Amino acid sequence: MPVDKVQLQHKFGIISHNHRQNLLERISAPATPTNNIRKPIPCEISHDFIIFYNRCDPLDRSKFDVKASQLLQRVKRRAGLLSGGSGRHVHIPRSWVELTLLARCKGPFRDDVLKVLFASLLTAPPSVDNIPSLF
(Lines give C-alpha, C1' and ligand atoms only; values in the text may rest on other atoms or scores of the structure.)
Protein backbone atom coordinates (compact mmCIF):
# COMPACT_ATOMS: atom_id res chain seq x y z
CA MET A 1 0.00 0.00 0.00
CA PRO A 2 1.62 3.30 -1.05
CA VAL A 3 2.22 6.07 1.50
CA ASP A 4 1.08 9.50 0.39
CA LYS A 5 2.88 12.48 1.84
CA VAL A 6 0.68 15.41 2.61
CA GLN A 7 2.34 18.80 2.27
CA LEU A 8 2.30 20.81 5.50
CA GLN A 9 0.76 24.24 5.06
CA HIS A 10 0.83 26.99 7.61
CA LYS A 11 -2.38 28.95 7.36
CA PHE A 12 -2.50 32.20 9.23
CA GLY A 13 -5.96 33.21 8.11
CA ILE A 14 -6.62 36.25 6.00
CA ILE A 15 -3.64 38.59 6.38
CA SER A 16 -1.60 40.70 4.00
CA HIS A 17 1.46 39.32 2.27
CA ASN A 18 3.84 41.67 4.16
CA HIS A 19 2.36 40.73 7.52
CA ARG A 20 2.66 37.04 6.62
CA GLN A 21 6.33 37.51 5.69
CA ASN A 22 7.00 39.28 9.01
CA LEU A 23 5.33 36.46 10.92
CA LEU A 24 7.33 33.82 9.07
CA GLU A 25 10.58 35.69 9.81
CA ARG A 26 9.76 35.98 13.51
CA ILE A 27 8.81 32.32 13.75
CA SER A 28 11.89 31.07 11.90
CA ALA A 29 14.32 33.41 13.68
CA PRO A 30 16.20 31.82 16.58
CA ALA A 31 15.22 32.93 20.01
CA THR A 32 17.88 35.39 21.14
CA PRO A 33 17.75 37.24 24.41
CA THR A 34 17.37 40.96 23.87
CA ASN A 35 18.90 41.93 27.18
CA ASN A 36 22.07 40.19 28.34
CA ILE A 37 22.57 42.39 31.39
CA ARG A 38 22.64 40.28 34.55
CA LYS A 39 20.29 41.58 37.18
CA PRO A 40 21.79 41.49 40.68
CA ILE A 41 20.22 39.14 43.15
CA PRO A 42 19.08 41.19 46.15
CA CYS A 43 20.57 38.80 48.70
CA GLU A 44 23.91 38.49 46.90
CA ILE A 45 27.10 40.06 48.19
CA SER A 46 28.72 42.01 45.39
CA HIS A 47 31.82 44.13 45.01
CA ASP A 48 29.58 47.10 44.23
CA PHE A 49 27.91 46.79 47.63
CA ILE A 50 31.31 46.75 49.35
CA ILE A 51 32.49 49.80 47.41
CA PHE A 52 29.29 51.72 48.21
CA TYR A 53 29.49 50.70 51.86
CA ASN A 54 33.07 51.87 52.20
CA ARG A 55 32.54 55.16 50.31
CA CYS A 56 29.32 56.32 51.94
CA ASP A 57 29.20 58.94 54.67
CA PRO A 58 28.86 57.73 58.27
CA LEU A 59 25.55 59.62 58.44
CA ASP A 60 24.14 57.78 55.42
CA ARG A 61 25.52 54.41 56.45
CA SER A 62 22.38 53.31 58.32
CA LYS A 63 20.73 52.16 55.08
CA PHE A 64 23.77 50.06 54.23
CA ASP A 65 24.04 48.75 57.80
CA VAL A 66 20.53 47.26 57.53
CA LYS A 67 21.43 45.56 54.25
CA ALA A 68 24.76 44.34 55.65
CA SER A 69 23.10 42.86 58.75
CA GLN A 70 20.61 41.01 56.51
CA LEU A 71 23.50 39.64 54.47
CA LEU A 72 25.32 38.61 57.64
CA GLN A 73 22.27 36.74 58.95
CA ARG A 74 21.97 34.88 55.64
CA VAL A 75 25.65 33.96 55.75
CA LYS A 76 25.30 32.75 59.34
CA ARG A 77 22.51 30.45 58.22
CA ARG A 78 24.54 29.23 55.25
CA ALA A 79 27.54 28.61 57.52
CA GLY A 80 25.40 26.45 59.80
CA LEU A 81 25.92 28.51 62.94
CA LEU A 82 22.19 28.86 63.59
CA SER A 83 21.28 25.23 62.92
CA GLY A 84 24.21 23.35 64.40
CA GLY A 85 25.93 22.76 61.06
CA SER A 86 23.32 20.52 59.51
CA GLY A 87 20.70 21.04 56.85
CA ARG A 88 20.28 21.48 53.14
CA HIS A 89 21.00 25.20 53.38
CA VAL A 90 24.50 24.73 54.84
CA HIS A 91 27.28 25.34 52.33
CA ILE A 92 30.53 25.99 54.18
CA PRO A 93 32.86 27.02 51.30
CA ARG A 94 30.37 29.52 49.90
CA SER A 95 29.72 31.02 53.31
CA TRP A 96 33.45 31.48 53.91
CA VAL A 97 33.84 33.25 50.58
CA GLU A 98 30.91 35.54 51.39
CA LEU A 99 32.31 36.23 54.86
CA THR A 100 35.71 37.19 53.43
CA LEU A 101 33.94 39.55 51.02
CA LEU A 102 31.95 41.10 53.86
CA ALA A 103 35.14 41.44 55.91
CA ARG A 104 36.31 44.00 53.35
CA CYS A 105 33.65 46.40 54.64
CA LYS A 106 35.17 49.02 56.93
CA GLY A 107 33.76 50.00 60.29
CA PRO A 108 32.29 48.22 63.32
CA PHE A 109 30.48 45.77 61.05
CA ARG A 110 33.82 44.18 60.17
CA ASP A 111 34.33 42.93 63.74
CA ASP A 112 31.01 41.07 63.68
CA VAL A 113 31.88 39.47 60.35
CA LEU A 114 35.29 38.34 61.57
CA LYS A 115 33.72 36.86 64.73
CA VAL A 116 31.29 34.87 62.60
CA LEU A 117 34.10 33.70 60.31
CA PHE A 118 36.19 32.60 63.29
CA ALA A 119 33.24 30.74 64.85
CA SER A 120 32.53 29.05 61.54
CA LEU A 121 36.15 28.00 61.16
CA LEU A 122 36.06 26.45 64.64
CA THR A 123 32.78 24.59 64.19
CA ALA A 124 33.15 23.43 60.58
CA PRO A 125 34.10 19.80 60.03
CA PRO A 126 37.56 19.43 58.51
CA SER A 127 37.26 18.70 54.82
CA VAL A 128 39.55 18.98 51.83
CA ASP A 129 36.76 20.69 49.87
CA ASN A 130 36.51 23.56 52.36
CA ILE A 131 40.17 24.64 52.33
CA PRO A 132 40.44 26.18 48.80
CA SER A 133 37.62 28.64 49.50
CA LEU A 134 39.82 30.45 52.03
CA PHE A 135 42.54 31.29 49.50
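Which helix does Glu98 lie in? Glu98 lies in helix H4, and we will come back to that residue after a look at the whole chain.

1. **What you are looking at.** This is a predicted model. Its mean pLDDT is 81, and 84% of the residues reach 70 or more. Among the elements, confidence is lowest in H1, with a mean of 83, and highest in H5, at 89.

2. **The overall layout.** The protein has five helices and zero strands, so reading from the N terminus simply gives α-α-α-α-α. Of its 135 residues, 24% count as buried. Among contacts with a separation of 6 or more, 52% are between residues 24 or more positions apart.

3. **The main core.** The largest nonpolar core holds 23 residues. Those with the most contacts inside it are Ile45, Phe49, Tyr53, Leu99, Leu102, Phe109 and Val113. Two or more residues each come from helix H2 (47-55), helix H3 (61-79), helix H4 (92-102) and helix H5 (109-123).

4. **Tyr53, one of the core residues.** If you would like a single residue to start from, try Tyr53, which is among those with the most contacts inside the core. Leaving out residues up to four places away in sequence, Tyr53 touches Arg61, Phe64, Asp65, Ala68, Cys105, Lys106 and Phe109. Phe109 is another of the residues with the most contacts in the core.

5. **H3 against H5.** How do these two helices run relative to each other? Their axes come within 11 Å and cross at roughly 5°. Because angles under 35 degrees count as roughly parallel, H3 is roughly parallel to H5. On the H3 side the contact is made by Ala68, Ser69, Leu72, Lys76 and Ala79, and on the H5 side by Phe109, Asp112, Val113, Val116 and Ser120. Sorted by class, this contact has six nonpolar, two polar and two charged residues.

6. **The buried residues of H4.** Which residues of H4 are buried? They are Ile92, Ser95, Trp96, Glu98, Leu99, Leu101 and Leu102. What covers these buried residues includes H2, H3 and H5.

7. **Ser95.** This serine sits in helix H4. Ser95 counts as buried because its relative accessibility is 0%, with the cut-off for buried being under 20%. Apart from neighbours within four places in sequence, Ser95 is in contact with Val75, Arg78 and Ala79. Ala79 is also one of the H3 residues that make the contact with H5.

8. **Back to Glu98.** Glu98 has a relative accessibility of 10%, so Glu98 counts as buried. Setting aside neighbours within four places in sequence, Glu98 is in contact with Ile45, Val75 and Arg78. Val75 and Arg78 also appear among the contacts of Ser95, while Ile45 is one of the residues with the most contacts in the core. Between Glu98 and Val75 the C-alpha distance is 7.0 Å, with 23 residues separating them in sequence.

9. **Ser46, in a loop.** Is Ser46 buried or partly exposed? Ser46 counts as partly exposed, because its relative accessibility is 26%. Ser46 is found in the loop between helix H1 (17-28) and H2. Although Ser46 and Glu98 are 52 residues apart along the chain, their C-alpha atoms are separated by 9.1 Å.

Terms used
Residues are numbered from 1 along each chain as its sequence is written. This is a predicted model: local features need pLDDT of at least 70, side-chain atom pairs count only at pLDDT 80 or more; totals for chains, interfaces and linings use all residues. Side-chain values use heavy atoms; hydrogens and water are left out. A nonpolar core is a set of buried Ala, Val, Leu, Ile, Met, Phe, Trp, Tyr and Cys residues joined through side-chain atoms within 4.5 Å. Buried means under 20% relative accessible area, exposed over 50%, partly exposed in between (1.4 Å probe, protein chains only). Helices (H or I, at least four residues) and strands (E, at least two) are DSSP runs, numbered from the N terminus. Contact means heavy atoms within 4.5 Å. Axes are lines fitted to C-alpha atoms, for helices over the stretch in contact, and angles run from 0 to 180 degrees between N-to-C directions. Angles under 35 degrees count as roughly parallel, over 145 as roughly antiparallel, 65 to 115 as roughly perpendicular and the rest as oblique. Ala, Val, Leu, Ile, Met, Phe, Trp, Tyr, Cys and Pro count as nonpolar, Asp, Glu, Lys and Arg as charged, and the others, Gly among them, as polar. pLDDT is the predictor's confidence in each residue, from 0 to 100.
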